[in-house]
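Colleague: I'm new to this one, so could you walk me through it? Please show me the structure before we start.

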Amino acid sequence: MGEVTIRELGRPGDLGWVLMAHGELYAAEYDWAVEAVTARIVADHAAHARPGRDAGWIAELDGARVGSVLCVHEDERTARLRLLLVDPAARGHGVGRSLVARCIAFARDAGHARLVLWTNEPLAAARQLYLEAGFVLAGEETHTEFGSEQRGQSYELALI
């Protein structure tokens, strides 16, 4: 494994890569159609991100993008972790843990009282990262947002 770096999202192509990587990875690994949902999140971030309230990071391995996460201001008390992804080539090397830690630190520094996220039950590796970081399960619901029926899970982390 080469050198992994985490940098702020914002270079040309970053948002397009986030959308493409999510579409390709979730189709290949889970047969999910996530691009419409991901495109809305990416477009909202591109159009409405406010410095100090919203941020995103890209993980790179030897200069190539291999991961992403966004921290989105939801309300005065709450930020939301979105679009965590680690390319299979970079898994097992702390990339996901580093991205989650960066998001938590940003939300805390921005003055939020809690950080929330939504994920799906089959994403065991991500769920383990969230639990290790102190997130707790806040609710579950069934949905068909990605084509097949899935169990969505909401998690939250108290920041103060």
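Colleague: Which residue in β7 stands opposite Leu115?

Modeller: Good place to start, and note that this is a predicted model, where local features need pLDDT of at least 70, side-chain atom pairs count only at pLDDT 80 or more, and totals for chains, interfaces and linings use all residues. Residues are numbered from 1 along each chain as its sequence is written, and side-chain values use heavy atoms, leaving out hydrogens and water. Strands β5 (residues 114–120) and β7 (residues 150–158) run antiparallel and are joined by seven bridges; strands are DSSP runs of E with at least two residues, helices runs of H or I with at least four, numbered from the N terminus. Across from Leu115 in β7 is Leu157.

Colleague: In what order do the seven strands form the open sheet?

Modeller: Two strands pair if DSSP finds at least two bridges between them. The edge strands, each pairing on one side only, are β1 (4–8) and β6 (136–143). Pairing is mixed, and the order is β1-β2-β3-β4-β5-β7-β6.

Colleague: Why are the buried residues of α2 on the same side of the helix?

Modeller: Buried means under 20% relative accessible area, exposed over 50%, and partly exposed in between (1.4 Å probe, protein chains only). In α2, the buried residues are Val37, Thr38, Ile41, Val42 and His45. They share one side of α2 because, taking directions from the helix axis to the C-beta atoms, they cover an arc of only 130 degrees.

Colleague: Which exposed residues does the face of α2 turned away from its buried side carry?

Modeller: Helix α2 spans residues 35–48. Its face turned away from the buried side carries Ala46, Ala47 and His48.

Conventions
Expected span 1.5 Å × (residues − 1).
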